[in-house]
Amino acid sequence: MSEIRYEEADENLTEVFLNVLEKNFPFYQNFKFKLLFDLKKRVSQGKLVLASIELPGPKLKFFSRDKIAAEGYDFIIIVDRKAWELSGEQARTKIIRHELRHVEISEDGSVKLVGHEIEDFYAEIEANKDDPEWRRKLVVLVSDVYEQEKIMLKEAKAKAKEKTDE
Ligand SMILES: [Zn+2]
């Protein structure tokens, strides 16, 4: 069984990303970002991962070449599709803005990723003053939905088994 784990960004993800890029990180516009949805839940250090940003290695960069990025992509942003679906426009903006804070471009144009200053970035704390708990709340919501799905799947499987046992 081979299920495809990732999905290309839809129009909304692309739009939110471009808006954030234009508004908060205009100097990143020369770089190529590949946007993907992850259909599978990811957990890191016991916490649900809403989204992540990665630097493709040379091989992956080579394989990622396409019409948009003739030399391959500089960054890959992977967003939990369920988290995206369960988020409003504001939270979506926050998710993308947070990921882009990880980007650091040095004067010679080379790129790298930086870790969090704290559990977040100071600039994000300031920008999220209206709802400082947004991430924790969204993580709880998304985790609950994943949990629900797991239970439903188990029940469906049990039912299917009952049928075959008959
Ligand atoms: Zn982060």
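This is a short tour of the structure above, stop by stop, with something to select at each one.

**Before you start**

You are looking at a predicted model, where local features need pLDDT of at least 70, side-chain atom pairs count only at pLDDT 80 or more, and totals for chains, interfaces and linings use all residues. Residues are numbered from 1 along each chain as its sequence is written, and side-chain values use heavy atoms, with hydrogens and water left out.

**Stop 1: the whole chain**

Begin with a cartoon view. The protein has six helices and eight strands; these are DSSP runs numbered from the N terminus, with helices (H or I) of at least four residues and strands (E) of at least two. Follow the chain from the N terminus and the elements come in the order β-α-β-β-β-β-α-β-α-α-β-β-α-α. The C-alpha trace spans about 70 × 40 × 30 Å along its principal axes.

Now switch on the surface. About 11,200 Å² is exposed, and carbon and sulfur atoms supply 54% of that area; accessible areas come from the Shrake-Rupley method with a 1.4 Å probe, and for residues only the protein chains shown count as cover. Of the 166 residues, 35% are buried. Here buried means under 20% relative accessible area, exposed means over 50%, and partly exposed lies in between (1.4 Å probe, protein chains only). Among contacts with a separation of 6 or more, 69% join residues 24 or more positions apart; a contact means heavy atoms within 4.5 Å.

**Stop 2: the zinc ion**

Select the zinc ion and show the side chains around it. Which residues are its protein donors? They are His 98, His 102 and His 116, each through NE2, at 2.0 to 2.1 Å from the ion. Donors are N, O and S atoms within 2.8 Å of the metal (3.2 Å for Na, K and Ca); water is not among the atoms, so sites may look incomplete. Along the chain the donors follow the spacing H-x3-H-x13-H. Colour by accessibility and you will find His 98 buried at 4%, and His 102 buried at 11%.

**Stop 3: the aromatic rings**

Next, show Phe, Tyr and Trp as sticks. The whole structure holds seven aromatic pairs. Rings (for Trp, the six-membered one) pair if their centres lie within 6.5 Å; planes under 30 degrees apart count as stacked, over 60 as edge-to-face and the rest as tilted.

Pick Phe 33 and Phe 75, a stacked pair with 4.9 Å centre to centre and 15 degrees between the planes. Phe 33 belongs to strand E2 (residues 33-38) and Phe 75 to strand E6 (residues 75-80), so the pair ties together parts 42 residues apart in sequence. Phe 33 is buried at 10% relative accessibility, and Phe 75 is buried at 0%.

Move on to Phe 62 and Phe 63, an edge-to-face pair at 6.0 Å centre to centre with 75 degrees between the planes. Phe 62 is partly exposed at 49%, while Phe 63 is exposed at 65%.

While Phe 62 is selected, add Arg 65, which lies over the face of that ring at 3.8 Å from its centre. The rule is that NZ of Lys or CZ of Arg must be within 6 Å of the ring centre and within 35 degrees of the ring normal. Lys 82 sits over the face of Tyr 146, at 5.4 Å from the ring centre.

To finish this stop, select Phe 17, Phe 31, Phe 33 and Phe 75 together: they form one aromatic cluster.

**Stop 4: salt bridges**

How many salt bridges are there? The count comes to 15, where a salt bridge is a side-chain nitrogen of Lys or Arg within 4 Å of a carboxyl oxygen of Asp or Glu.

- Lys 34 and Glu 8: their closest N and O atoms are 2.9 Å apart. This pair links strand E2 with strand E1 (residues 6-8), and the two residues are 26 apart. Glu 8 is exposed at 51%.
- Asp 131 and Lys 137: the N to O distance is 3.0 Å. Asp 131 is partly exposed at 23%, as is Lys 137 at 44%.
- Arg 136 and Glu 133: the N to O distance is 2.6 Å. Glu 133 is partly exposed at 39%.
- Arg 5, Asp 38 and Arg 42: these are linked in a network of salt bridges.

**Stop 5: Asn 128**

Last, select Asn 128, in the loop between helix H5 (122-127) and helix H6 (134-165). Is Asn 128 buried or exposed? Asn 128 is buried, with a relative accessible area of 3%. Leaving out residues up to four places away in sequence, Asn 128 touches Lys 94, Arg 97 and Trp 134.
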